[in-house]
Amino acid sequence: QLQASGGGSVQAGGSLRLSCVASGSIFSGSSMRWYRQAPGKQRELVAGITTGYSTNYVLSAKGRFTISRDNAKNTVYLQMNSLKPEDTAVYYCYANYNGREDWGQGTLVTVSS
C-alpha cells in the first residue's frame, strides 16, 4: 500500500514537498513514480526514479521538481519548487515491483496566481 501526503494550497512561486510511504518490504526493489491529474485532463507522469536512483521528469517539471527516495524509510519524495497555477492537480504516487503495480490515494496540490 502507498500513502501519499504533503499536498496543500500555495501561491505561485511557492514550494511543497510530497511524500509517499510504502508498506511492506519490497520498496527498495520498486521503481517509483509521481503522476498528476488536473481537472478535465488525463493523468500524466511527472517524475520517476528507478531502483538505481536514475530519474526522469516531464519537460514542464525539469529544473523545478526533484524526485528522491529513502529506502530506509520506504519513502519517495517529490520536492516541488517555483510552483505555477498549471501545476494544480491531484498527485499520485505509483510503484512497480517486477510488474506488480500499486497506486497511492492521491494528494491535492492547488497553486493560486
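Ser19 sits in strand β3, where strands (E, at least two residues) are DSSP runs numbered from the N terminus, just as helices (H or I, at least four residues) are. Before going on, note that this is a predicted model, so local features need pLDDT of at least 70 and side-chain atom pairs count only at pLDDT 80 or more, while totals for chains, interfaces and linings use all residues. Residues are numbered from 1 along each chain as its sequence is written, and side-chain values use heavy atoms, with hydrogens and water left out.

Back to Ser19: with a relative accessibility of 15%, Ser19 counts as buried. Buried means under 20% relative accessible area, exposed means over 50%, and partly exposed is in between (1.4 Å probe, protein chains only). Who are its neighbours? Not counting residues up to four places away in sequence, Ser19 touches Gln3, Ala4, Ser5, Trp34, Thr75, Val76 and Tyr77. Here contact means heavy atoms within 4.5 Å.

Now look at Cys20, which also lies in strand β3. A disulfide (a pair of cysteine sulfur atoms within 2.5 Å) joins Cys20 to Cys93, with an S to S distance of 2.1 Å. Cys93 is in strand β9, so the pair ties together parts that are 73 residues apart in sequence. The structure holds 1 disulfide, and both of its cysteines, Cys20 and Cys93, are buried. Try looking along the S-S bond: the torsion about it is about 55°, so this disulfide is right-handed.

Next comes the nonpolar core. That term means a set of buried Ala, Val, Leu, Ile, Met, Phe, Trp, Tyr and Cys residues joined through side-chain atoms within 4.5 Å. In soluble globular proteins, nonpolar side chains tend to be buried together. The largest core here has 27 residues, and those with the most contacts inside it are Trp34, Phe65, Val76, Leu78, Met80 and Tyr91. Many strands chip in: β1 (2-5), β3 (16-22), β4 (31-37), β5 (44-49), β7 (65-70), β8 (75-80), β9 (89-97) and β11 each supply at least two residues of this core. Take Leu78 as an example. Leaving aside neighbours within four places in sequence, Leu78 is in contact with ten residues' worth of company, including Leu16, Leu18, Trp34, Val46, Phe65, Ile67 and Tyr91.

Tyr91 turns up again beside Thr107, a residue of strand β11 (residues 107-112). Thr107 is buried, at 9% relative accessibility. Its side chain reaches the backbone nitrogen of Gly7 at 3.0 Å. Beyond four places in sequence, the contacts of Thr107 include Ala4, Gly7, Leu18, Ala89 and Tyr91.

Let's move on to the loops. Thr51 lies in the loop between β5 and β6 (55-57), and is partly exposed, with a relative accessible area of 39%. Leaving aside neighbours within four places in sequence, Thr51 is in contact with Ser28, Gly29, Ser30, Ser31 and Arg69. From Thr51 to Thr88 is 37 residues in sequence and 28 Å in space, C-alpha to C-alpha.

Two other loop residues have a backbone angle to look at. Most residues other than glycine have a negative phi. Ser82, in the loop between β8 and β9, has a positive phi near 50°. Asn98, in the loop between β9 and β10 (100-103), has a positive phi of about 50° although it is not a glycine. Are these residues buried or exposed? Ser82 is partly exposed at 42% relative accessibility, whereas Asn98 is exposed, with a relative accessible area of 71%.

Note on methods: Polar contact = N/O pair within 3.5 Å; in protein donor to acceptor, adjacent residues only side chain to side chain.
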